[in-house]
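Please open the model in a viewer and keep the selection tool at hand. The tour proceeds by selections, each followed by a description of what is found there.

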Amino acid sequence: MIPSSCLSAAICWKVASSTRSPHLVTLRVRPSSSLVIGSDSRNTEAAEVLSVASNAVTLKQPLLSNWPAGSFVVPARTARLRVSQAVSRVTDAIARARLVFDIAGTTTITKLESTTTFNSTPVWITRPNRVRDVDTDYQRLAEVLDFATGITAVDDHAARPFVRRSFDYLFKNRSEIAAFRGWLAARLGRLTAFWHPTWEASIVPTKKILSNQTVMTVASRGYALYFNPMPGRTEAAFLHKNGSWYFRTIQGFGAGTTGDEEVMTINQSFGFDANPEDWVAICFLEKTRLDADQIEINWQTDSVAQVSLPMRSVKS
């Protein structure tokens with residue numbers, strides 16, 4: 001039995017050796033689940049929950065010990081250590097180990113889809129934690145045809161690269177973690193796609209755009225010359241300084257009045273005047289899916305977690 005790091009509580013007053021545990025603070029348990037009660041890592045006791053009330057938890061069996069007020073109470077899961085465990089000796093008196101447990105049974109998590117959508121598809125707008133470089137791989141569906149005759153050919157099925165990125169995220173409280181786990185459950189691993197901003201400064205406005213305009217002047221990036229309406233370059237995400245998101249379809253790029261500028265045509269005006277400094281971020285919007293069926297949540301504390309999400313662009 002191992003404690004679950006994502007939830008914790010404290011006993012408000014002493015627990016006697018009975019089947020009834022008094023009021024628990026912020027503890028989320030359900031019938032037939034398990035609890036671990038203790039004062040420190042060496043003094044603990046596991047118990048199974050019979051029923052849960054608003055101010056008490058009834059256990060299936062009496063506790064073996066008396067636990068004073070202030071003892072910790074955490075949900076617990078049945079788990080097994082894996083067959084091999086690696087231990088590193090830092091010094092002759094210090095050891096470092098990373099223990100991996102396999103949880104017995106399954107966990108039911110309610111799917112929670114993002115309320116922000118574009119073209120009926122959810123948009124993942126959570127800002128990543130840029131503590132590390134974002135690694136990007138451009139992968140092509142290409143095969144090298146070599147018949148050992150001295151001439152080789154390359155067959156590119158998609159005629160475009162698919163982009164793979166890994167973003168880090170930091171969730172600072174249990175509400176954020178619960179929302180992320182619900183969103184993760186809705187992804188069904190690699191199955192369910194979503195829109196995701198690239199979070200790259202690819203589109204930089206240089207002039208004010210009026211409320212009824214659909215042409216934005218941007219810094220030259222060579223889009224007018226090399227722009228190809230391929231997936232990942234036909235949609236854009238606009239984050240205004242008031243916190244509002246706007247999503248638009250890019251209809252094309254053209255030459256600007258100077259060599260340092262280009263014009264970008266979008267399918268719909270914003271309905272308000274916006275100066276370049278009014279935008280917190282403008283970037284391409286890509287149709288994306290997770291690039292893994294298993295995502296590891298790294299718990300820093302019982303209410304702070306870090307996650308690295310591998311994503312891969314798909315055809316929109």
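The stops below cover a helix, several salt bridges, a surface patch and a number of single residues.

**Conventions**

This is a predicted model, in which local features need pLDDT of at least 70 and side-chain atom pairs count only at pLDDT 80 or more, while totals for chains, interfaces and linings use all residues. Residues are numbered from 1 along each chain as its sequence is written, and side-chain values use heavy atoms, with hydrogens and water left out.

**Stop 1: helix α1**

Select residues 174-187, which form helix α1. Helices (H or I, at least four residues) and strands (E, at least two) are DSSP runs, numbered from the N terminus. The expected span of a helix is 1.5 Å times one less than its number of residues; for the 14 residues of α1 this gives 20 Å, and the end C-alpha atoms are indeed 20 Å apart.

Next, colour the buried residues of the helix, buried meaning under 20% relative accessible area, exposed over 50% and partly exposed in between (1.4 Å probe, protein chains only). They are R174, I177, F180, G182, W183, L184, A185, A186 and R187. Which strands do these buried residues pack against? Display β13 (121-122), β15 (152-171), β16 (194-197), β21 (279-290), β22 (297-299) and β23 (305-313): the buried residues of α1 pack against these strands, where contact means heavy atoms within 4.5 Å.

Now inspect the two ends. At the start of α1, a side-chain oxygen of N173 comes to within 3.1 Å of the backbone nitrogen of S175. This is judged as a polar contact, a pair of N or O atoms within 3.5 Å; within protein, one must be able to donate a hydrogen and the other to accept it, and residues adjacent in sequence count only if both atoms are side-chain atoms. Just after the helix, L188 has a positive phi of about 55°, although L188 is not a glycine. L188 belongs to the loop between α1 and β16 and is partly exposed at 43% relative accessibility.

**Stop 2: salt bridges**

Side chains of opposite charge can pair when their charged atoms come close. A salt bridge is a side-chain nitrogen of Lys or Arg within 4 Å of a carboxyl oxygen of Asp or Glu, and by this rule the count comes to 16.

Remain at α1 and select R174 with D302, whose side chains meet in a salt bridge (3.4 Å, N to O). This pair links distant parts of the chain, 128 residues apart, with D302 in the loop between β22 and β23 and R174 in helix α1. D302 is partly exposed, with a relative accessible area of 28%.

Then select R233 and E286, which form a salt bridge with their closest N and O atoms 3.6 Å apart. R233 lies in the loop between α2 (223-226) and β18 (235-240) and E286 in strand β21, so the pair ties together parts that are 53 residues apart in sequence. R233 is partly exposed at 22%, whereas E286 is buried at 5%. Add R165 and E200 to the selection: salt bridges that share partners join R165, E200, R233 and E286 into one network.

Finally, select R98 and E296, a salt bridge in which the closest N and O atoms are 2.8 Å apart. R98 sits in the loop between β10 and β11 and E296 in the loop between β21 and β22, 198 residues apart. Both R98 and E296 are exposed.

**Stop 3: a nonpolar patch**

Select L81, L99, F101 and I103, which make a nonpolar surface patch of about 350 Å². Patches are made of residues with over 30% relative accessible area and no salt bridge: like charges are joined within 9 Å, nonpolar side chains (Val, Leu, Ile, Met, Phe, Trp, Tyr) within 5 Å. Accessible areas come from the Shrake-Rupley method with a 1.4 Å probe; for residues, only the protein chains shown count as cover. L99 is placed in the loop between β10 (95-97) and β11 (101-103) and is partly exposed at 48%.

**Stop 4: single residues**

Select S202, in the loop between β16 and β17 (215-219). Is S202 buried or exposed? At 11% relative accessibility, S202 counts as buried. Leaving aside neighbours within four places in sequence, S202 is in contact with R221, Y223, I282 and F284.

Move to A76 in strand β7 (residues 72-77), which is buried at 7%. The C-alpha atoms of A76 and V29 are 9.6 Å apart, with their positions 47 residues apart along the chain.

Close with L64, in the loop between β6 (57-59) and β7, which is exposed at 73%.
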